[in-house]
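Work through the exercises below with the sequence and the structure at hand. Each task is followed by a solution in steps.

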Amino acid sequence: TEHLVLTSRRGPDAPGAEELRAELAEMGARVTVAAVDATDPDAVRALVREFGDQFDIGFVAIVQRRDQR
């Protein structure tokens, strides 16, 4: 994978985001961490507009995980 776009509502301010970005970068991926609310259709459309043209196949998946802490 050349470029991963990781999203969460807090983006780079999310706990563990920088550590995950660094770990993936060490494996050779270019990583962008963005603050996007995946439940907001306008925010997701803006994300696709911003990054969509960088991918030959478009987005593979949008996965939302909510910690149950």
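**Exercise 1.** State the order of the elements in this predicted model, from the N terminus on.

Solution. The elements run β-α-β-α. This order accounts for two helices and two strands.

**Exercise 2.** Find which residues of helix H2 are buried, and determine how they are placed around the axis.

Solution. Step 1: helix H2 spans residues 41-51. Step 2: take as buried a residue with under 20% relative accessible area; in H2 these are Val44, Leu47 and Phe51. Step 3: the three cover an arc of only 55° around the axis, so they lie on the same side of H2. Step 4: the general rule is that an α-helix has 3.6 residues a turn, so residues three or four places apart point the same way.

**Exercise 3.** Identify what lies on either side of H2.

Solution. Step 1: the buried residues of H2 pack against two strands, E1 (3-8) and E2 (30-35). Step 2: on the other side of the helix, Asp42 and Arg49 are exposed.

**Exercise 4.** Which atom does a side-chain oxygen of Asp40 approach at the start of H2?

Solution. The oxygen reaches to within 2.9 Å of the backbone nitrogen of Asp42. Asp42 is also one of the exposed residues of H2.

**Exercise 5.** Describe burial, surface and contacts for the whole protein.

Solution. Step 1: of the 69 residues, 20% are buried. Step 2: the accessible surface is about 5500 Å², and carbon and sulfur atoms contribute 48% of that. Step 3: consider contacts between residues at least 6 apart in sequence; 61% of these join residues at least 24 apart.

Terms used: Residues numbered from 1 in each chain as written. Predicted model: local features only at pLDDT ≥ 70, side-chain atom pairs only at ≥ 80, totals over all residues. Heavy atoms only, no water. Helix = DSSP H or I, 4+ residues; strand = E, 2+ residues; numbered from the N terminus. Buried < 20%, exposed > 50% of the residue type's maximum accessible area, 1.4 Å probe, protein only. Contact = heavy atoms within 4.5 Å. Areas by Shrake-Rupley, 256 points an atom, 1.4 Å probe, with all protein chains shown as cover. Arc of directions from axis to C-beta. Polar contact = N/O pair within 3.5 Å; in protein donor to acceptor, adjacent residues only side chain to side chain.
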